[in-house]
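The exercises below are meant to be worked with the sequence and the structure side by side. Try each task before reading the solution that follows it.

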Amino acid sequence: MDEQENRDEFYLRRSFDASRRAVANGNHPFGAVLVDSGGKLLLEAENGFMPSHDGTAHAERLLCTAAATTLPAEILARSTLYSSAEPCAMCAGAIYWVGIGRVVFGLGEARLKAITGAHPENPTLDLPCRTVFAAGQKSIEVIGPLLEDEGAALHEGFWAAQK
């Protein structure tokens, strides 16, 4: 395994840690981290659905807002967003507009949808982030699903318990 693959797995697992913290804080099991091109951790975010029931408070979207307001565009363009699950259409749009150049995700959207079913708090869109990015004018590298079984394990039993 090369250095980039090692870094990808390390920081993807860090997003899994953020996902676990989200659950411990009463939220949905999603987390994201942002890392610069040199491997320095810049930001971390966990899902923020509770307490306000904000359906837009996805970890990636919250991270993008923090990144856009604190980091220069040149840094963002060379950074990687690691997400415990594939960014939804909303989050992919946020990543695109903020200008983050690379995304690595764990659990794929199709498998997440199979896990959550028609849960009212996670009406998963069947729209891969690659499709969203391909509709734009910026090139965003996407790696994933990666460590998908580990990403799926974060959701085991969660959605059934939330009904």
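Contact, as the word is used here, means that heavy atoms lie within 4.5 Å of each other. The model is a predicted one, and residues are numbered from 1 along the chain.

**Exercise 1. Surroundings of L107**

Task: State where L107 lies, decide whether L107 is buried or exposed, and find which residues L107 touches beyond four places in sequence.

Solution: Begin with the secondary structure, which places L107 in strand 4. Next take the relative accessible area, which is 0% for L107, so this residue is buried. Then list the contacts, leaving out residues up to four places away in sequence: L107 touches S84, A85, E86, L112, I115, E148, G151, A152 and H155. As a last step, choose a residue for comparison, K138, which is 31 residues from L107 in sequence and, from C-alpha to C-alpha, 24 Å away in space.

**Exercise 2. Helix 1 from end to end**

Task: Compare the length of helix 1 with the expected span, describe what is found at its two ends, and say which of its residues are buried.

Solution: Helix 1 runs over residues 3-24, which makes 22 residues, and the distance from its first C-alpha to its last is 32 Å, close to the 32 Å expected at 1.5 Å a residue. At the N-terminal end, D2 acts as a cap, with a side-chain oxygen 3.1 Å from the backbone nitrogen of Q4. After the helix comes G26, which has a positive phi, near 85°. The buried residues are R7, D8, E9, Y11, L12, S15, F16, A18, S19 and A22, and the partners they pack against are strand 1, strand 2, strand 3, strand 4 and helix 7.

**Exercise 3. One face of helix 2**

Task: Check the span of helix 2, and work out how its buried residues are arranged around the axis.

Solution: The 12 residues of helix 2, residues 59-70, should span 16 Å at 1.5 Å a residue, and the end C-alpha atoms are 17 Å apart, which agrees. The buried residues of this helix are A59, E60, L63, C64 and A67. Seen down the axis of helix 2, these buried residues fall within an arc of 130°, so they line one face of the helix. A general rule helps in reading this pattern: an α-helix has 3.6 residues a turn, so residues three or four places apart point the same way. The elements against which the buried residues of helix 2 pack are strand 1 (31-35), strand 2 (41-46), helix 3 (73-77), strand 3 (80-85) and helix 4 (89-98).

**Exercise 4. The nonpolar cores**

Task: Identify which members of the largest nonpolar core touch the most other members, and which element gives the most residues to this core.

Solution: The largest nonpolar core has 21 residues, of which L34, C64, L81, I95, I100 and F133 touch the most other members. Strand 1, helix 2, helix 4, strand 4 and helix 6 (129-134) each contribute at least two residues to this core, and helix 4 gives the most, with five residues. Apart from this core lies another, of nine residues, among them F16, V35, Y82 and L154. To look more closely at one member of the largest core, set aside the neighbours of L34 within four places in sequence; the contacts of L34 then include L63 and A67, as well as L76, L81 and I100.

**Exercise 5. Salt bridges**

Task: Say how many salt bridges the structure holds, and trace how E9, E46 and E148 are paired.

Solution: The structure holds 11 salt bridges. In one of them E9 pairs with R13, the closest N and O atoms being 3.7 Å apart; both residues lie in helix 1, four residues apart, about one turn of the helix. At 18% relative accessibility E9 counts as buried, whereas R13, at 34%, is partly exposed.

E46 forms a salt bridge with R21, the closest N and O atoms being 3.7 Å apart, and this pair links distant parts of the chain, since E46 is in strand 2 and R21 in helix 1, 25 residues apart.

E148 forms a salt bridge with R111, at 3.8 Å between the closest N and O atoms. E148 lies in helix 7 and R111 in helix 5 (residues 109-116), so the pair ties together parts that are 37 residues apart in sequence. Finally, salt bridges that share partners join R14, R21, E44 and E46 into one network.

Conventions: This is a predicted model: local features need pLDDT of at least 70, side-chain atom pairs count only at pLDDT 80 or more; totals for chains, interfaces and linings use all residues. Side-chain values use heavy atoms; hydrogens and water are left out. The expected span of a helix is 1.5 Å times one less than its number of residues. Buried means under 20% relative accessible area, exposed over 50%, partly exposed in between (1.4 Å probe, protein chains only). The arc is that of the directions from the helix axis to the C-beta atoms. A polar contact is a pair of N or O atoms within 3.5 Å; within protein, one must be able to donate a hydrogen and the other to accept it, and residues adjacent in sequence count only if both atoms are side-chain atoms. A nonpolar core is a set of buried Ala, Val, Leu, Ile, Met, Phe, Trp, Tyr and Cys residues joined through side-chain atoms within 4.5 Å. A salt bridge is a side-chain nitrogen of Lys or Arg within 4 Å of a carboxyl oxygen of Asp or Glu.
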